[in-house]
Amino acid sequence: TSRTTKNLKDITYGNTSFVAVGESGNILTSDNGTTWDNRTSGTSYQLEGITYGNGIFVAVGETQTVLTSDNTSTWFARDSGASGNLYGINYGNSIFITFQYKTIYISSNGISWTSPSNGTTNTLRNAIYTE
């Protein structure tokens, strides 16, 4: 049982915890994938994506929202530098990557973000890392 009536948008696993995010800033955590606990995110904006890397969870969503947590219980708002909604996030090769329409944002720590020139004219929604 997820203990929520809100739609969930994404889920990840890291540091022995599952973390799911969704509508109204909803964050759920579980250590077994069966029993879920609601967490206070500090935002009412929809969260679109979540990933784990470099020892922290990073969630992104509407209105340039970026949240980080190293323990799944306490979440901190971060400044992404974006001007709109962020869609999808992933971690690979020591870099977090997220998207706002046609703009890429990257971070090595989930806290400080930059936007390298990418030259795309296509809408971006997500990235995947493979070795």
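This report describes two neighbouring residues, aspartate 79 and serine 80, in a predicted model.

## Aspartate 79: place and exposure

Aspartate 79 belongs to strand β8, which covers residues 76-79. Its relative accessible area is 61%, and because the cut-off for calling a residue exposed is over 50%, aspartate 79 counts as exposed.

## Aspartate 79: surroundings

When residues up to four places away in sequence are left out of the count, aspartate 79 touches Ile111 and Trp113. The chain also brings serine 112 into this part of the picture, for aspartate 79 and serine 112 are 33 residues apart in sequence, while their C-alpha atoms are 7.3 Å apart in space.

The side chain of aspartate 79 also has a polar partner in the backbone, since one of its polar atoms lies 3.0 Å from the backbone nitrogen of glycine 81.

## Serine 80: place and burial

Serine 80 is found in the loop that runs between β8 and β9, the latter being residues 87-92. Serine 80 has a relative accessibility of 3%, and because buried means under 20%, serine 80 is classed as buried.

## Serine 80: surroundings

The side chain of serine 80 takes part in polar contacts with the backbone at two places: a polar atom of this side chain lies 3.2 Å from the backbone oxygen of glutamine 64, and a polar atom of this side chain lies 3.1 Å from the backbone nitrogen of alanine 82.

Leaving out residues up to four places away in sequence, serine 80 touches Gln64, Val66, Leu86, Tyr105 and Trp113. Trp113 is therefore a residue that is touched by aspartate 79 and also by serine 80.

Key. Residues are numbered from 1 along each chain as its sequence is written. This is a predicted model: local features need pLDDT of at least 70, side-chain atom pairs count only at pLDDT 80 or more; totals for chains, interfaces and linings use all residues. Side-chain values use heavy atoms; hydrogens and water are left out. Helices (H or I, at least four residues) and strands (E, at least two) are DSSP runs, numbered from the N terminus. Buried means under 20% relative accessible area, exposed over 50%, partly exposed in between (1.4 Å probe, protein chains only). Contact means heavy atoms within 4.5 Å. A polar contact is a pair of N or O atoms within 3.5 Å; within protein, one must be able to donate a hydrogen and the other to accept it, and residues adjacent in sequence count only if both atoms are side-chain atoms.
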